[in-house]
Amino acid sequence: VSDINLVAPSLLSCDFAHLAEEIKAVEDAGADWLHVDIMDGHFVDNLTIGPPVVASIKKASKIPLDVHLMIENPEKYIAEFVKVGSDRVTIHVESTKDVRGALKKIRELGAKPGITLRPKTSLDEVQEFFSLVDLVLIMTVNPGFGGQSFMPEQMEKVRHVKAWSQKNNSKLFIEVDGGVNSKTVGVCREAGANVFVAGNAIFKSGNYQQAIKSLK
Ligand code: DX5
Ligand code: ZN
């Protein structure tokens, strides 16, 4: 649906010492989903948070949790992440040998599955999973850290996924993540993205309401 236009602040860039206040502030500022980055130090070269912190985020929030798993063998942890309140769980196609099984598990447990591509990942590697998911996430930086530069060459993939969704699933969420700000959001939208993750562009802006408004 082309009128979907959602902003998902990435909590990775927030002040973790004031997590509940940060969540309330972005919710009041018009955030649609909260994007939660889970990293294991293996699949990506960084470590973040696990299920207990996600449980705390859930308690402090009113909007859906969009959980982005950057971990190896996600199937091992899916049940726990859903149990603590993940509404959406997105996995990387390279993170498991059984992508199909992992996506099925997410749905059976009651959450919405998503599949994601790194900048290096080709469409051929993920296309077969599009019909099993509610969301396709196209990374516009190498996953692992906030505050990196947007990779415009990834827009070709966004256009391809958009074309697929027009034929097969008009309700598909097409999400971009990495370096999205008021300057780069336009090309994402034009290419067909309808969910915009932003970390630094919101949390380092000094004015969340204005930042979210300018993204929308
Ligand atoms: C990167 C994460 C992103 C990150 C985006 O691996 O997946 O969600 O927080 O941060 P910005 O918007 O600052 O690039
Ligand atoms: Zn992310």
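This passage describes the ligand site, the pockets and the cavity of a predicted model. Local features rest on pLDDT of at least 70 and side-chain atom pairs on pLDDT 80 or more, whereas totals for chains, interfaces and linings use all residues. Residues are numbered from 1 along each chain as its sequence is written, ligands are numbered from 1 in the order in which they are written, and side-chain values use heavy atoms, with hydrogens and water left out.

Ligand 1 is surrounded by 20 residues, of which Ser10, Gly144, Asp177, Gly179 and Gly199 come nearest, a residue being counted if one of its heavy atoms lies within 4 Å. Oxygen atoms of ligand 1 lie 2.8 Å from a polar backbone atom of Gly179, 2.8 Å from one of Gly199 and 2.9 Å from one of Gly147, where a polar contact is a pair of N or O atoms within 3.5 Å. Taken alone, ligand 1 exposes 380 Å², of which the protein buries 99% (Shrake-Rupley method, 1.4 Å probe). The shell comprises eight nonpolar, ten polar and two charged residues, with Gly counted as polar. Strands β2 (34-39), β3 (65-70) and β8 (195-198) each supply at least two residues of this shell, and β2 gives the most, with three; strands are DSSP runs (E) of at least two residues and helices are runs (H or I) of at least four.

Ligand 1 sits in the largest pocket, in the sense that more than half of its atoms lie within 2 Å of the grid points. On a 1 Å grid over the protein atoms alone, a pocket is an open set with protein on both sides within 12 Å along at least five of seven lines, a cavity is a set of points where a 1.4 Å probe fits but cannot get out, and lining residues have an atom within 4 Å of a point. The largest pocket holds about 270 Å³ of space, and of its 25 lining residues Gly146, Gly147, Asp177, Gly178 and Gly179 are the closest to its centre. Two or more lining residues come from each of β2, β3, β8 and α7 (200-203).

The second largest pocket holds about 160 Å³, and its lining, which includes Ile38, Met39, Asp40, Tyr77 and Phe81, has seven nonpolar, two polar and two charged residues.

One cavity of 30 Å³ or more is present, and the largest cavity contains about 50 Å³ of space. Its lining includes Leu11, Phe16, His35, Val36, Asp37 and Ile57, with the largest share, three residues, coming from β2.

Conventions:
Polar contact = N/O pair within 3.5 Å; in protein donor to acceptor, adjacent residues only side chain to side chain. Points joined across faces, edges and corners; volume = space filled by probe spheres on them.
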